[in-house]
Amino acid sequence: MEVLLYIAAVVAAIAFLILCISLAMTLSSLKTTLKSVSETLDGLTNQMEGITSETTELLQKTNALAEDIQQKSEKLNTVVDAVKGVGDSVSDLNSSVRRVTNSITVEAEKNSDKIAQVVQWSNVAFGIIGKVKDMKAEKSSGWTVYEPVADQNYSNPNRH
């Protein structure tokens, strides 16, 4: 029975040795894996630093662009206000012209009888003037009056 005990101790020692060898191999493999992960993380850290610097630069450009847009928006607001003022002025002018037109229309309607009489009398006057011109043209047509020239003597044609 004692031999069995020694055999059991040897088997336990061999099993422990196998366990230690397999544990050493596992730890060695884990060390290689962790080293690879560490290198990957170092590369990732470098890339993140590059991304961070580019992001910071992009953020600064975005802020500058936003500030420029804000300034231009303020300038555009003044232009829009000026155009609105011009529009209001044109609207006021249209209202004034409309009022004047309405008042002229009302006055013309009030005085339409007088305007009609003026038009009739002016037609009569133009007709009379036309008839007077026709009469003058008839009087002067057909006869020509000749006037003597100042330095010529017509009394004696043989005298020179």
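Glu57 is partly exposed in this predicted model, with a relative accessibility of 44%. The residue takes part in a salt bridge with Lys61, in which the closest N and O atoms lie 3.5 Å apart. Lys61 itself is exposed, its relative accessible area being 54%. Both partners belong to helix α1, which spans residues 2–110. Within this helix, Glu57 and Lys61 are four residues apart, a spacing of about one turn.

A second ion pair joins Asp68 to Lys72, and here the closest N and O atoms are separated by 3.3 Å. These two residues also lie in helix α1, where four residues, or about one helical turn, separate them. Asp68 has a relative accessibility of 31% and is therefore classed as partly exposed, since that class lies between the 20% limit for buried residues and the 50% limit for exposed residues. Lys72, at 52% relative accessibility, counts as exposed, because the exposed class begins over 50%.

Further along the numbering, Lys84 forms a salt bridge with Asp88, with 3.8 Å between the closest N and O atoms. This distance satisfies the criterion for a salt bridge, because the nitrogen and the carboxyl oxygen need only be within 4 Å. Lys84 and Asp88 are four residues apart in helix α1, so about one helical turn lies between them. The lysine of this pair is exposed, at 55% relative accessibility, whereas Asp88 is partly exposed, with a relative accessible area of 39%. In total, the structure contains three salt bridges.

The surface also carries a nonpolar patch, composed of Val37, Leu41, Leu44, Met48 and Ile51. Together, these side chains account for about 440 Å² of accessible area. Ile51, one of the patch members, is located in helix α1. With a relative accessible area of 46%, Ile51 is partly exposed; it therefore meets the requirement that patch residues have over 30% relative accessible area.

At the level of the whole protein, the secondary structure consists of two helices and zero strands. Of the 160 residues, 0% are classed as buried. The protein exposes about 15,100 Å² of surface, of which carbon and sulfur atoms supply 65%.

How values were computed:
Residues are numbered from 1 along each chain as its sequence is written. This is a predicted model: local features need pLDDT of at least 70, side-chain atom pairs count only at pLDDT 80 or more; totals for chains, interfaces and linings use all residues. Side-chain values use heavy atoms; hydrogens and water are left out. Buried means under 20% relative accessible area, exposed over 50%, partly exposed in between (1.4 Å probe, protein chains only). Accessible areas come from the Shrake-Rupley method with a 1.4 Å probe; for residues, only the protein chains shown count as cover. Patches are made of residues with over 30% relative accessible area and no salt bridge: like charges are joined within 9 Å, nonpolar side chains (Val, Leu, Ile, Met, Phe, Trp, Tyr) within 5 Å.
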